[in-house]
Amino acid sequence: MTNLQESLVREFLRTNRSGAYSSSTLVDCNTRKYHGLLVVPVPELDDENHVLLSSLDCTVIQHGAEFNLGLHKYQGNNFSPNGHKYIREFDATTVPTTTYRVGGVILKKEVIFQHYEDRILIRYTLDDAHSATTLRFRPFLAFRSVRQFTHENATASRDYSLVDNGIKTCMYAGYPDLYMQFSKKNEFIFQPDWYRGIEYPKEQERGYASNEDLYVPGYFEMPIKKGESIIFSASTSAIKPASMKKLFVDEVADRVPRDNFYHCLVTAAHQFHRKEKNHDRYLMAGYPWFKVRARDTFIALPGLTLAIGEVDYFEKVMKTAEKALCDFMDGKPGNGKIYEIEQPDVPLWAVWAMQQYAKEVGRDKCFEMYGMLLHKIVKFILDGKHPNLRIDDNGLLYSNGRDKAVTWMNSTANGKPVVPRSGYIVEFNALWYNALKFTALMAAEKGDVEGAARVEELAAKVKESFVETFVNEYGYLLDYVDGPMMDWSVRPNMIFAVAFDYSPLSQQQMKSVVDICTRELLTPKGLRSLSPKSGGYNPIYVGPQAQRDYAYHQGTAWPWLGGFYLEACLKLYKRSRLSFVERQMVGYEDEMDYHAIGTISELFDGNPPFHGRGAMSFAMNVAEILRTLKLMEKYSYQK
């Protein structure tokens, strides 16, 4: 903890399942513009999150001597006030807990983010002290979007009002009031000032502007006795000070301890939950900058819910997503909360998600819940109603991705896709074949023999065309085929044709695909997005935006792709590959102590030492690791 090279790269993330979050490094030194103790959506302004309370510096005062426990990075690589040197211990098993030692003073700090309320709670406990001790708290305010910076200005309001054991203030019109309160009576000293030139190294790494000024309205001060606990609350609503201690205890009791790999992943899975006031349920695609995305929702949904026995949450999210998908298919405007619903593979991933639900609860229940949706999706595609998806005479789906990215490989440069995947796209058609076979099975079981036969006939045509179009003489699958244009790059998208329940490939073809993925794409952190033997391999995701865009899908490794790869291995080789899958899981378990602790980063470098990059927590990665653990359990019981 006292070695900043080690501690500044480790972050914590706490969410409240309403879209807000709290995040910083383990030593409370913000290194991203997205970091903050209280980061909340402000729908009246836009659909972004906003940093209200950036940080809170605590100072221990004894005999007139002040020891500031805070830490900020200023321009010129200057750190101040170096409070990390007082840290003696950090533990995040249940809630992030930091123990400071200043001479004879031992102070413990515990941080928790309240479920479904935009409120951060911090409990300070004086474990030991040999003389009278006073605590001083200095709040650093930002009141800005996570995408922007704030700088000293004359517009910011300095007004504040006293509330129970604290103050409320609001720097700019349109923002909610920020209530800062304590469980104990205190004195607030109004001493307004701007702290200038605070710097965020993670933004520097990403080639962005990286410094800002933060406003400090003054400080709170109060005595604390040995054994006493004081709770601080920052929120967009007031709280009764007398209720804080019980609320803190109740919230701690509601947490799953991060005491092993599985529990870390379950807790991470819950962090993607988002519940709106109208009771709609969503899955965030990741933190800190992702919103709700349609493709991510359907891919992550089975792993984040079914794999951990939370069927009810699958149904709640699916209910919201189904309405958005139906609105799109009916040509109606959606609610705007789920982005990229228009992408051509989204309905196909929805069918895949329903298929996973059927495996969990049975096909009868699945048909009862989603039979109408399944029929509607297949009819929508068959009738050619999707604006960028057509069925050709060979039964394959064609999508135009030359000018606009239409697949998960969606990075762009100069307004054009970096990887312009277009025409017959391999995973689109693997999904299509799988969807047709699943639909035919469901129709046959419900007595629609004629309808099932028609779908089976189309599936047979797709199977033949798929092999003819994508299988090449080198034993792997072309990534996409658009007329005379064929992409011979070795990419991971072919693994879906093996992993899905219904594959158009023969057993030998499936084994060949898995072998090539193993040799050229496999890393301890999932599959590379491009083989090192293919042209344009760029495995290190660093540098300015343009540089990162070109690397995003050109060799970086993705754990969620690794999930489908491991499913394909288990499908082909059954129990004989269990020990291999277990070894792959170790690569992810190591990540629990790095980057954002207890969760999985968005992507990893494709070359050793496979550093985590991008967003600190990514839903599809967590989901597929959880689903792999469930598959391991299933195959370990099979003979």
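1. How many residues of the lining of the largest cavity are nonpolar, how many polar and how many charged? A fair place to start, and the reply is ten nonpolar, seven polar and three charged. Please keep in mind while you read on that this is a predicted model.

2. Let us stay with the cavities for a moment. The whole structure holds four cavities of 30 Å³ or more, and the largest cavity has a volume of about 200 Å³. Its lining is made up of 20 residues, with Asp 28, Leu 37, Leu 56, Lys 109 and Tyr 124 closest to the centre. To find the walls on your screen, look for the strands β2 (21–25), β3, β4 (49–62), β10 (105–113) and β11 (119–128), each of which gives at least two residues to the lining. Strand β4 supplies the largest share, five residues.

3. The second largest cavity, at about 80 Å³, is found elsewhere in the sequence numbering. The residues that line this cavity are Arg 293, Arg 295, Asp 296, Trp 408, Asn 410, Tyr 552, His 553, Trp 558, Phe 618 and Met 620. Sorted by class, five of them are nonpolar, two polar and three charged.

4. Two names in that lining, Trp 408 and Trp 558, deserve another look. Across the whole structure there are 41 aromatic pairs. Among them is the pair of Trp 408 and Trp 558, set edge-to-face with 5.2 Å from centre to centre and 80° between the planes. The pair joins distant parts of the chain, as Trp 408 sits in the loop between β23 (397–398) and β24 (412–413) while Trp 558 belongs to strand β31 (residues 557–558), 150 residues apart. Both Trp 408 and Trp 558 are buried.

5. Now to the pockets. The largest pocket encloses about 830 Å³ of space and has 36 lining residues, of which Ser 18, Pro 41, Pro 43, Arg 274 and Glu 276 are nearest the centre. Strands β3 (36–41), β19 (273–275) and β21 (286–287) each contribute at least two residues to this lining. Strand β3 is thus a name to remember, since at least two residues of β3 also line the largest cavity. In the pocket lining you will find 15 nonpolar, eight polar and 13 charged residues.

6. The second largest pocket offers about 590 Å³. Which residues lie nearest its centre? They are Phe 290, Arg 293, Asn 410, Gln 545 and Tyr 552, out of 23 that line this pocket. Helix α13 (residues 545–551) gives the largest share of the lining, three residues. The classes here are seven nonpolar, six polar and ten charged. You may recognise Arg 293, Asn 410 and Tyr 552, which are also listed in the lining of the second largest cavity.

7. A few backbone details are worth checking by eye. Most peptide bonds are trans, and most residues other than glycine have a negative phi. The bond from Ser 80 to Pro 81 is cis, with omega near 5°, and so is the bond from Tyr 287 to Pro 288, with omega near 10°. Pro 81 lies in the loop between β7 (78–80) and β8 (87–91), and Pro 288 in the loop between β21 and α5 (294–304).

8. Next come two residues with a positive phi. Asn 82 has a phi of about 65° although it is not a glycine, and is placed in the loop between β7 and β8. His 279, also not a glycine, has phi near 75° and lies in the loop between β19 and β20 (281–283). Are these residues buried, partly exposed or exposed? Asn 82 counts as partly exposed because its relative accessibility is 27%, whereas His 279 is exposed because its relative accessible area is 54%.

9. Gly 174 is a handy landmark in the loop between β14 (166–169) and β15 (178–182). This glycine counts as partly exposed because its relative accessibility is 42%. Leaving aside residues up to four places away in sequence, Gly 174 touches Val 42 and Leu 45. From Ile 87, Gly 174 is 87 residues away in sequence and 39 Å away in space, C-alpha to C-alpha.

10. Finally, two charges over rings. Lys 275 lies over the face of Tyr 116, at 5.2 Å from the ring centre. Arg 577 lies over the face of Tyr 573, at 4.0 Å from the ring centre.

Note on methods. Residues are numbered from 1 along each chain as its sequence is written. This is a predicted model: local features need pLDDT of at least 70, side-chain atom pairs count only at pLDDT 80 or more; totals for chains, interfaces and linings use all residues. Side-chain values use heavy atoms; hydrogens and water are left out. On a 1 Å grid over the protein atoms alone, a cavity is a set of points where a 1.4 Å probe fits but cannot get out, and a pocket is an open set with protein on both sides within 12 Å along at least five of seven lines; lining residues have an atom within 4 Å of a point. Grid points are joined across faces, edges and corners, and a volume is the space filled by probe spheres set on the points. Helices (H or I, at least four residues) and strands (E, at least two) are DSSP runs, numbered from the N terminus. Ala, Val, Leu, Ile, Met, Phe, Trp, Tyr, Cys and Pro count as nonpolar, Asp, Glu, Lys and Arg as charged, and the others, Gly among them, as polar. Buried means under 20% relative accessible area, exposed over 50%, partly exposed in between (1.4 Å probe, protein chains only). Contact means heavy atoms within 4.5 Å. Rings of Phe, Tyr and Trp (its six-membered ring) pair if their centres lie within 6.5 Å; planes under 30 degrees apart count as stacked, over 60 as edge-to-face and the rest as tilted. A charge sits over a ring if NZ of Lys or CZ of Arg is within 6 Å of the ring centre and within 35 degrees of the ring normal.
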